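Please look through the sequence and the structure shown here before reading on. The text then leads from an annotated site to the pockets and to two points of the backbone.

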Amino acid sequence: MKRLITLFLMATLSFCSYASEDMALQEADIDLSDSESLQRGAKHYVDNCLGCHSLKHIRYQRMALDFEIDDKKVLKDIAIEGATIYDQLHSAMNSHDAEKWFGVQPPDLSLIGRSRGADWLYSYLKGFYVDKTKPLGTNNTVFKDVGMPNVFWQLQGQQKPVFHLVDGQQQIEKLVIAEPGKLSEQEFDLMVNDLVNFLVYVGEPVQMERHRLGKYVLFFLLIFSVIAYKLKKEYWKDID
């Protein structure tokens with residue numbers, strides 16, 4: 001019984017940490033038919049995220065097929081050095097080092113697009129700000145007290161929060177750039193959107209194919225319904 005209570009309290013505290021900020025989520029522009037965006041997003045992930053977070057549910061070969069590009073292009077422009085087209089996207093960090101540095105192994109992100117949603121991911125990646133009270137010197141408007149550092153600070157720059165009072169308590173109203181990064185605001189937004197687009201794709205690579213087949217299925221059901229209705233009328237006309 002005590003273990004159940006403990007687990008419930010941990011889950012409650014975890015949820016509170018996720019939902020502690022009141023800033024509205026920003027809307028991501030997701031287009032899984034945009035092969036160029038998916039390729040850029042895959043490259044951003046390999047360059048900036050794969051060091052800690054694996055994607056064990058996708059292979060480079062599947063990406064080549066879905067992006068409609070040559071295997072050699074994937075290995076040259078996206079994959080890590082030495083990878084084969086049949087490899088999954090495994091993190092280079094081992095579990096021992098991860099627990100030593102971060103206290104916990106960074107999770108695999110294969111399904112993060114489905115579990116969190118595109119808008120949450122987009123807002124989270126753009127929501128880091130300077131907080132010198134935290135061990136890593138950063139915090140996040142979407143995931144308060146997050147244990148992940150801001151890996152994009154050189155590209156985005158350093159953000160600081162602007163607070164306002166709500167019922168006597170300070171809440172973050174918006175974030176402003178305190179120190180500019182290498183990318184402009186528009187360039188960084190595009191980069192993050194491409195990355196989120198890729199993560200949504202990884203969560204369900206078959207989604208575009210399912211949508212294409214769905215049109216044919218609905219068309220078949222429509223034709224079949226008309227035929228079934230006319231057949232029913234033919235069978236029952238003598239009874240009527």
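What follows is a walk through a predicted model, beginning with a site taken from a record.

UniProt, in an unreviewed entry, places the feature "binding site" at C49, C52 and H53. C49, C52 and H53 from this set are part of the lining of the largest pocket, so that the annotation and the computed pocket can be read together.

Two of these residues can be followed further. C49 sits in the loop that runs between α2 (35–48) and β1 (55–59). H53 has its place in the loop between α2 and β1 as well. Is C49 buried or exposed? The relative accessibility of C49 is 12%, and because buried means under 20%, C49 counts as buried. H53, with a relative accessibility of 13%, also counts as buried.

The surroundings of the two residues can be listed once sequence neighbours up to four places away are set aside. C49 is then in contact with H44, F152 and L195. For H53 the residues touched, on that basis, are Y45, S91, P106, P107, L109 and M148.

H53 leads on to the largest pocket, since H53 belongs to the residues that lie nearest the centre of this pocket, together with P107, Y124, V146 and M148. P107 and M148 are also among the residues that H53 touches. The lining of the largest pocket is made up of 27 residues, and the space in the pocket comes to about 710 Å³.

Which elements supply at least two residues each to the lining of the largest pocket? They are α2, α6 (112–116), α7 (118–126) and α9 (185–203). Of the contributions to this lining, that of α7 is the most, at 4 residues. By residue class, the lining of the largest pocket holds 21 nonpolar, 4 polar and 2 charged residues.

The second largest pocket can be described in the same terms. About 390 Å³ of space lies in it, and its lining has 22 residues. Nearest the centre of the second largest pocket lie Q26, K126, Q156, Q159 and L175. Two or more residues of this lining come from each of α7, β6 (169–180) and α9. Here β6 gives the most, with 5 residues. The lining of the second largest pocket divides into 10 nonpolar, 8 polar and 4 charged residues.

The two linings can now be set side by side. α7 and α9 appear among the elements that supply at least two residues to the lining of the largest pocket, and α7 and α9 appear again for the second largest pocket.

The last part of the walk concerns the backbone. E68 is not a glycine, yet it has a positive phi of about 60°. E68 is found in the loop between α3 (60–67) and α4 (71–77). The relative accessible area of E68 is 74%, and E68 is therefore exposed, the cut-off for exposed being over 50%.

D145, another residue other than glycine, has a positive phi near 60°. The loop that holds D145 runs between β4 (138–140) and α8 (153–156). Where does D145 stand on the scale of exposure? With a relative accessible area of 43%, D145 is partly exposed, because that class lies between the cut-offs of 20% and 50%.

Terms used
Residues are numbered from 1 along each chain as its sequence is written. This is a predicted model: local features need pLDDT of at least 70, side-chain atom pairs count only at pLDDT 80 or more; totals for chains, interfaces and linings use all residues. Side-chain values use heavy atoms; hydrogens and water are left out. UniProt positions are given in the numbering used here, feature names are shortened, and annotations may be inferred rather than shown by experiment. On a 1 Å grid over the protein atoms alone, a cavity is a set of points where a 1.4 Å probe fits but cannot get out, and a pocket is an open set with protein on both sides within 12 Å along at least five of seven lines; lining residues have an atom within 4 Å of a point. Buried means under 20% relative accessible area, exposed over 50%, partly exposed in between (1.4 Å probe, protein chains only). Contact means heavy atoms within 4.5 Å. Grid points are joined across faces, edges and corners, and a volume is the space filled by probe spheres set on the points. Ala, Val, Leu, Ile, Met, Phe, Trp, Tyr, Cys and Pro count as nonpolar, Asp, Glu, Lys and Arg as charged, and the others, Gly among them, as polar.
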